[in-house]
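Student: I have a structure to go through. Please show it, and then take my questions.

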Amino acid sequence: MNAGDITFHTRKWVRPEDLNANGTLFGGSLLRWIDEEAAIYAIVQLGNGFAVTKYMSEINFVSSAQQGDLIEMGLTATHFGRTSLTMRAEVRNMITRQSILTIEKIVFVNMGPDGIPAPHGYSEITYDRDRIPGEHLKIKQPDDLKP
């Protein structure tokens, strides 16, 4: 992924609570951050607060980060399906300038208020906030579905 390919990014500061037993960044913390950022990206792209993680491909950790390092997460949409959005992720250490990991494929599914995948109608990346939902939809609970 080239710097120009990143269409969404955020930065995190590696703090003591983010470390593993080796004193380096815990992979679970990093994956939680990636999933959250990917969810935000999907919500913006699909205009729906009910986009859910469907799939993550192989995760290739190539380096790590230490306490005090700053990391940057980049995402780019690679494919719009009828009810899904596929993206690619890369995380870099801003201090060492090394790539920490790449995930070639993260898929999010656009959900309707009934909790079933729903068409989203988009085929292109947006750089505006015009698709951000103005309010949260109410997810129907099992009791709401009874006749």
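Tutor: Contact means heavy atoms within 4.5 Å. This is a predicted model, where local features need pLDDT of at least 70 and side-chain atom pairs count only at pLDDT 80 or more, while totals for chains, interfaces and linings use all residues. Residues are numbered from 1 along each chain as its sequence is written, and side-chain values use heavy atoms, with hydrogens and water left out.

Student: Leaving aside neighbours within four places in sequence, which residues is proline 119 in contact with?
Tutor: Proline 119 is found in the segment after E6; strands (E, at least two residues) and helices (H or I, at least four) are DSSP runs numbered from the N terminus. Proline 119 has a relative accessible area of 53% and is therefore exposed, where exposed is over 50%, buried is under 20%, and partly exposed is in between (1.4 Å probe, protein chains only). Leaving aside neighbours within four places in sequence, its contacts are Arg82, Thr83 and Asn110.

Student: How far apart in space are proline 119 and glycine 81, C-alpha to C-alpha?
Tutor: In sequence, 38 residues separate proline 119 from glycine 81. In space, C-alpha to C-alpha, the separation is 8.5 Å.

Student: Is strand E6 largely enclosed or largely open?
Tutor: Strand E6 covers residues 99–110. Of its 12 residues, 9 are buried, so with respect to the rest of the structure E6 is largely enclosed.

Student: How many bridges join strand E5 to E6?
Tutor: Two strands pair if DSSP finds at least two bridges between them. E5 (residues 84–93) and E6 run antiparallel. In this pairing, leucine 85 has phenylalanine 108 of E6 as its bridge partner. The number of bridges joining E5 to E6 is 8.

Student: Which residue in the turn between E5 and E6 has a positive phi?
Tutor: E5 and E6 form a hairpin, with 5 residues between them. A positive phi of about 65° belongs to arginine 97.

Student: In E6, what is the bridge partner of tyrosine 55?
Tutor: Strand E2 (residues 51–56) runs antiparallel to E6, and 5 bridges join the two. Opposite tyrosine 55, the partner in E6 is valine 107.

Student: And which residue of E6 stands opposite phenylalanine 61?
Tutor: Strand E3 (residues 59–61) is also antiparallel to E6, with 3 bridges. Phenylalanine 61 stands opposite leucine 101.

Student: Does threonine 86 count as buried or exposed?
Tutor: Threonine 86 lies in strand E5. Beyond its neighbours within four places in sequence, its contacts include Thr76, Ala77, Lys105 and Val107. At 9% relative accessibility, threonine 86 counts as buried.

Student: Which salt bridges share partners, and which residues do they join into one network?
Tutor: A salt bridge is a side-chain nitrogen of Lys or Arg within 4 Å of a carboxyl oxygen of Asp or Glu. Arginine 88 forms one with glutamate 104, the closest N and O atoms being 3.0 Å apart; the pair links distant parts of the chain, with arginine 88 in E5 and glutamate 104 in E6, 16 residues apart. Glutamate 90 meets arginine 92 in another, at 3.3 Å, N to O. Salt bridges with shared partners make one network of Arg88, Glu90, Arg92 and Glu104.

Student: Arginine 88: buried or exposed?
Tutor: Its partner glutamate 104 is partly exposed, at 47% relative accessible area. Arginine 88 has 15% relative accessibility, so it counts as buried.

Student: How far apart are the closest N and O atoms of arginine 15 and glutamate 17?
Tutor: Arginine 15 is partly exposed at 39%. Glutamate 17 is exposed at 52%. They form a salt bridge whose closest N and O atoms lie apart by 3.1 Å.

Student: How far apart are the end C-alpha atoms of helix H1?
Tutor: The expected span of a helix is 1.5 Å times one less than its number of residues. H1 has 20 residues (27–46), so it should span 28 Å. Its buried residues include Leu30, Trp33, Ile34 and Tyr41. The end C-alpha distance agrees with the expected span, at 28 Å.

Student: Which residue just after H1 takes a positive phi?
Tutor: The place to look is the end of the helix. The phi there is about 65°, and the residue is glycine 47.
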